[in-house]
Amino acid sequence: MDTPLSTIAVVGLGTMGTGIAEVLARAGREVIGIDISEAAARQAVASLEASTARAVRRERITEQERRDVLARFRTFSDLQAAADAELVIEVVPETYEIKQQVFRELDAVVSPTAILATGTNALSVTRLAAESRHPERVLGLHFFNPAPAMKLVEVVSSVLTAPPAVECVTRLARELGKEPVAVGDRPGFVADGLLFGYLNQAAAMYEANYASREDIDAAMKLGCGLPMGPLALLDLIGIDTARTVLEAMYAASHDRLHAPAPVLGQLSEAGLTGRKTGRGFYTYDAPGGQSVVPDALTPKESADRVAGREVSSVGVAGSGTMASGIAEVFAKAGFTVVLAARSPQKADTARARIGTSLERSVAKGRLTAEARDETLARITAAGSLDAFADVDLAVEAVAEDLEVKQQLFTMLDKVCKPGAVLATTTSSLPVVAIAKVTSRPEDVVGMHFFNPAPAMKLVEVVRTVLTADDVHATVREVCAKVRKHPVDCGDRAGFIVNALLFPYLNNAIKMVEEHYATLDDIDAAMKLGGGYPMGPFELLDVVGLDVSLAIEKVLHNEFRDPGLAPAPLLEHLVAAGCLGRKTGRGFREYARR
């Protein structure tokens with residue numbers, strides 16, 4: 001098995017197989033492409049011709065290099081063509097029957113020393129290896145789509161796999177310019193094991209009519225910095241493929257979070273499997289198309305839409321980073337702002353923090369000195385909520401504690417004028433529990449900004465069962481004026497972003513608890529394989545483990561799903577005072593400032 005792997009066969013020339021073949025051919029390997037469909041083989045060649053032509057136009061390769069790459073890729077319709085391959089990678093449809101048949105036939109074709117790799121992301125590598133006469137040479141080699149662009153490759157060992165085979169393909173992955181991550185054999189491995197649970201929860205959220213497909217996708221893109229929203233990603237992956245992966249994950253875990261949302265089955269059975277058919281959660285311009293076109297579910301502007309209330313002055317309660325950031329957002333947009341804290345000193349400190357932030361914007365050329373001065377002049381610091389007597393909108397950004405917020409809203413109810421909108425920035429507490437302490441719960445709404453407020457574009461607009469229509473409309477109109485993207489949410493734990501994000505983070509912790517993968521491998525897998533801006537453990541340490549645990553507990557208490565129970569490791573770290581970057585130690589250690 002200790003060979004240079006210079007000749008490699010790829011069985012199955014769909015999108016994934018074609019991408020893998022391109023990566024190998026560009027890296028100087030002789031590639032034998034095999035597919036029973038001559039049309040698929042022709043399409044694979046055409047795709048390679050088109051991609052290499054683009055590379056020449058962009059001056060990434062020369063015309064001679066392009067000809068060399070094309071010459072190294074040959075296609076066949078019979079597995080016998082793999083006889084001289086030192087490595088065979090199968091990327092055929094995701095069923096045991098088809099993959100096992102391929103492995104049985106390869107046994108009679110390839111050399112006993114050839115390595116056989118499955119590209120599965122859901123099926124048991126061990127079960128596939130058991131079909132081979134040489135199970136020690138079978139492993140998983142899971143590329144991510146699109147293979148030429150994505151850096152991650154999961155190298156999957158079964159209990160039968162020989163270490164030299166693993167070393168050989170790991171070395172190959174590095175030579176291809178990829179980042180190999182070693183994982184054990186369980187459905188979904190690392191990246192998909194975390195990703196598909198999150199996608200499934202998003203599908204269930206949509207199915208429950210909690211939020212629109214557009215709002216769910218926008219929330220996760222703008223709130224978490226993800227390259228695609230979950231429902232758009234399901235359409236790209238293929239809804240039938242996602243269902244298959246989840247079925248395999250649920251069979252292994254029996255975790256309800258992995259039980260495929262019924263909507264995935266309904267769409268699959270109807271043949272609405274995503275981009276490849278032209279319709280899934282969204283409708284596309286053609287089968288295989290990328291452009292979303294309007295359909296019956298596309299939001300439309302209503303002519304009889306309720307108008308919001310007039311807002312020209314805003315009160316922001318709090319003295320922390322979130323409060324000062326929100327005050328900066330409103331002041332930049334031209335609103336008169338009162339920033340109130342528990343003392344004049346705290347209010348002045350918060351206003352000074354805004355001045356520092358504005359100064360940074362000037363230094364970076366994002367703001368003129370004149371605009372800085374005008375913005376700061378719109379902000380008045382106050383040591384008491386009495387200064388909110390004339391504001392049109394009061395926004396609280398105090399500690400995430402229900403009792404603290406209820407006390408503050410009791411005071412706002414007394415101080416603020418009739419008709420003022422009262423907004424809470426809570427990220428996880430029930431808004432109605434805050435509203436009910438006032439004499440005007442119809443004026444109370446959730447307005448969840450994300451940190452840092454000046455930079456983050458998302459605001460979750462949370463209406464309770466008591467929120468008035470014009471109050472909801474007011475907040476949406478204000479969001480537009482401050483150049484934020486509002487998404488509508490019902491009043492339940494986590495709203496959209498945290499309800500989808502924190503179960504994913506919790507599952508990552510469980511992977512470490514089970515010694516399935518390391519912190520570094522999991523973080524690398526999600527950044528390289530999922531396009532996440534931060535790995536789950538990097539993010540947990542930034543958010544704060546105490547904050548994360550509190551949100552996990554709120555989600556678990558609300559939905560009563562055992563799969564949402566906080567991972568014991570998270571509880572232990574919080575009990576030990578390891579809260580993340582702010583304490584110098586969380587899942588990792590940090591240098592003290």
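In this predicted model, strand 12 (residues 336–340) is mostly covered, with four of its five residues buried. Its partner is strand 11, and the two pair in the parallel sense over five bridges. Within this pairing, Val316 stands opposite Leu339 in strand 12.

Strands 11 and 12 belong to an open sheet of eight strands, whose order is 13-12-11-14-15-16-17-18 and whose pairing is mixed. At the edges lie strand 13 (379–382) and strand 18 (485–490), each of which pairs on one side only. From one strand to the next, the twist averages 25 degrees. Further along the sheet, strand 16 (residues 444–449) and strand 17 (residues 458–463) run antiparallel and are joined by four bridges. Here Met447 is found opposite Val461 of strand 17.

Two helices that pack on this sheet deserve a look. Helix 17 (residues 469–481) touches strand 14, strand 15, strand 16, strand 17 and strand 18, and its direction makes about 175 degrees with that of strand 17. Helix 15 (residues 402–415) lies across strand 11 (313–317), strand 14 (393–396), strand 15 (421–424) and strand 16. Relative to strand 15, helix 15 runs at about 170 degrees.

The loop between strand 17 and helix 17 contains Leu466. Is this residue buried, partly exposed or exposed? Leu466 counts as partly exposed because its relative accessibility is 41%, and the buried class ends at 20% while the exposed class begins over 50%. Once neighbours within four places in sequence are left aside, the contacts of Leu466 are with Val432, Pro441 and Glu442. Pro180, by contrast, is 286 residues from Leu466 along the chain, and the C-alpha atoms of these two residues are separated by 52 Å.

Turning to the aromatic side chains, a search of the whole structure finds five aromatic pairs. One of them is formed by Phe330 and Phe335, whose ring centres are 5.7 Å apart and whose planes meet at 85 degrees, so the pair is edge-to-face. Phe330 is buried, with a relative accessible area of 0%, and Phe335 also counts as buried, at 5% relative accessibility. Together with Phe449, Phe330 and Phe335 form one aromatic cluster.

Phe537 and Phe587 provide another edge-to-face pair, with 4.9 Å from centre to centre and 65 degrees between the planes. Which parts of the chain does this pair tie together? Phe537 lies in helix 20 (residues 536–543), whereas Phe587 lies in the segment after helix 22 (568–575), so the pair links parts that are 50 residues apart in sequence. Phe537 is buried, with a relative accessible area of 0%. Phe587 is buried too, with a relative accessible area of 13%, a value that falls under the 20% limit.

Arginine side chains also meet aromatic rings in this model. Arg127 lies over the face of Tyr96, at 3.6 Å from the ring centre. A second case is Arg492, placed over the face of Tyr210 at 4.1 Å from the ring centre.

Away from the sheet elements described above, helix 11 (residues 262–269) offers a helical packing example. Its buried residues are Val263, Leu264, Gly265, Leu267 and Ser268. An α-helix has 3.6 residues a turn, so residues three or four places apart point the same way. The buried residues of helix 11 pack against helix 7 (191–207), helix 9 (230–237) and helix 10 (239–253). Gly271 follows helix 11 and has a positive phi, near 80 degrees.

As for the chain as a whole, 22 helices and 18 strands are assigned. The radius of gyration is 27 Å, which agrees with the value near 25 Å that a compact globule of 593 residues would have. Along the principal axes, the C-alpha atoms fill a box of roughly 85 × 50 × 50 Å. Buried residues make up 54% of the 593 residues. Among contacts between residues at least 6 apart in sequence, 69% join residues at least 24 apart.

Key: Residues are numbered from 1 along each chain as its sequence is written. This is a predicted model: local features need pLDDT of at least 70, side-chain atom pairs count only at pLDDT 80 or more; totals for chains, interfaces and linings use all residues. Side-chain values use heavy atoms; hydrogens and water are left out. Two strands pair if DSSP finds at least two bridges between them. Axes are lines fitted to C-alpha atoms, for helices over the stretch in contact, and angles run from 0 to 180 degrees between N-to-C directions. Contact means heavy atoms within 4.5 Å. Rings of Phe, Tyr and Trp (its six-membered ring) pair if their centres lie within 6.5 Å; planes under 30 degrees apart count as stacked, over 60 as edge-to-face and the rest as tilted. Buried means under 20% relative accessible area, exposed over 50%, partly exposed in between (1.4 Å probe, protein chains only). A charge sits over a ring if NZ of Lys or CZ of Arg is within 6 Å of the ring centre and within 35 degrees of the ring normal. The radius of gyration is taken over C-alpha atoms; the globule rule is 2.2 Å times the number of residues to the power 0.38.
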